[in-house]
Amino acid sequence: SFAARKVPIVIGIYLPVIESAYLECLESDLGARGLFQFLPATAKHYGVAGEEMCDVEKMSAAAAHYIADRMAELGDDSQSMTLVLLSYNRGSESVRNTLRELRGTEDYQRNFWTLFANRHKLDETFRNEGVGYVPAFFAAAIIGENPHRFGLQMPPLSTLPSNGLETELRKQ
């Protein structure tokens with residue numbers, strides 16, 4: 001689903017790591033559910049009914065579509081992709097508003113790291129949750145692509161066929 005939408009495959013691999021630890025039907029206190037932790041309204045917007053939110057195939061397609069939409073809004077270069085990732089957690093409107101807040105900041109660059117550097121100027125939700133979201137994604141990707149460096153006896157996740165990915169993650 002991610003490749004079909006021209007979304008980097010690593011996003012499809014590592015979003016579920018930080019969103020649900022690859023638990024297919026995890027439900028949050030806020031009502032987000034499934035591998036990619038969509039809220040029911042977001043799932044519905046992307047064509048997934050509430051009772052289908054634990055369907056991995058449908059949620060993968062919906063998540064790929066969601067990310068592709070954010071890439072169209074925020075950009076698809078390496079700097080913009082940090083904002084796309086953050087928007088998965090906070091929503092694209094919140095990310096755009098935060099960028100507007102910091103526009104006049106010295107050394108302003110349009111990426112997550114500018115937000116991170118200026119987190120003390122941002123809202124409590126960003127400081128408590130958003131600030132760690134993109135670093136958690138990168139940490140998961142670094143470990144998942146270099147497992148032997150971390151004492152894990154498995155191949156890099158991006159080299160596994162899709163049907164072997166969940167199995168391998170559950171073993172770890």
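Phe-150, with a relative accessibility of 45%, counts as partly exposed in this predicted model, where buried means under 20% relative accessible area, exposed means over 50%, and partly exposed is what lies in between, computed with a 1.4 Å probe and protein chains only. Phe-150 sits in the loop between α7 and α8, the latter covering residues 162-171; helices here are DSSP runs of H or I with at least four residues, strands are E runs of at least two, and both are numbered from the N terminus.

Before I go on, a word on conventions. The model is predicted, so local features need pLDDT of at least 70 and side-chain atom pairs count only at pLDDT 80 or more, while totals for chains, interfaces and linings use all residues. Residues are numbered from 1 along each chain as its sequence is written, and side-chain values use heavy atoms, with hydrogens and water left out.

Which residues join Phe-150 in a nonpolar patch on the surface? They are Trp-113, Phe-138, Ile-142 and Ile-143, and together with Phe-150 they have about 450 Å² of accessible area, by the Shrake-Rupley method with a 1.4 Å probe and, for residues, only the protein chains shown as cover. Patch members have over 30% relative accessible area and no salt bridge, with nonpolar side chains (Val, Leu, Ile, Met, Phe, Trp, Tyr) joined within 5 Å and like charges within 9 Å. Helix α7, residues 124-145, contributes the largest share of this patch, 3 residues.

Turning to charged pairs, there are 5 salt bridges, each defined as a side-chain nitrogen of Lys or Arg within 4 Å of a carboxyl oxygen of Asp or Glu. One of them joins Arg-90 to Asp-123, at 3.1 Å from N to O, and this pair links distant parts of the chain, 33 residues apart, since Arg-90 lies in helix α4 (78-90) and Asp-123 in the loop between α6 (112-117) and α7. Arg-90 is buried at 17% relative accessibility, whereas Asp-123 is partly exposed at 35%.

Another bridge pairs Glu-52 with Lys-58, whose closest N and O atoms are 2.5 Å apart; Glu-52 is partly exposed at 23%, and Lys-58 is partly exposed at 35%.

Finally, Arg-96 and Glu-93 meet at 2.4 Å, N to O, and because they are 3 residues apart in helix α5 (92-102), about one helical turn separates them. Arg-70, Glu-73, Glu-93 and Arg-96 are joined into one network by salt bridges that share partners.
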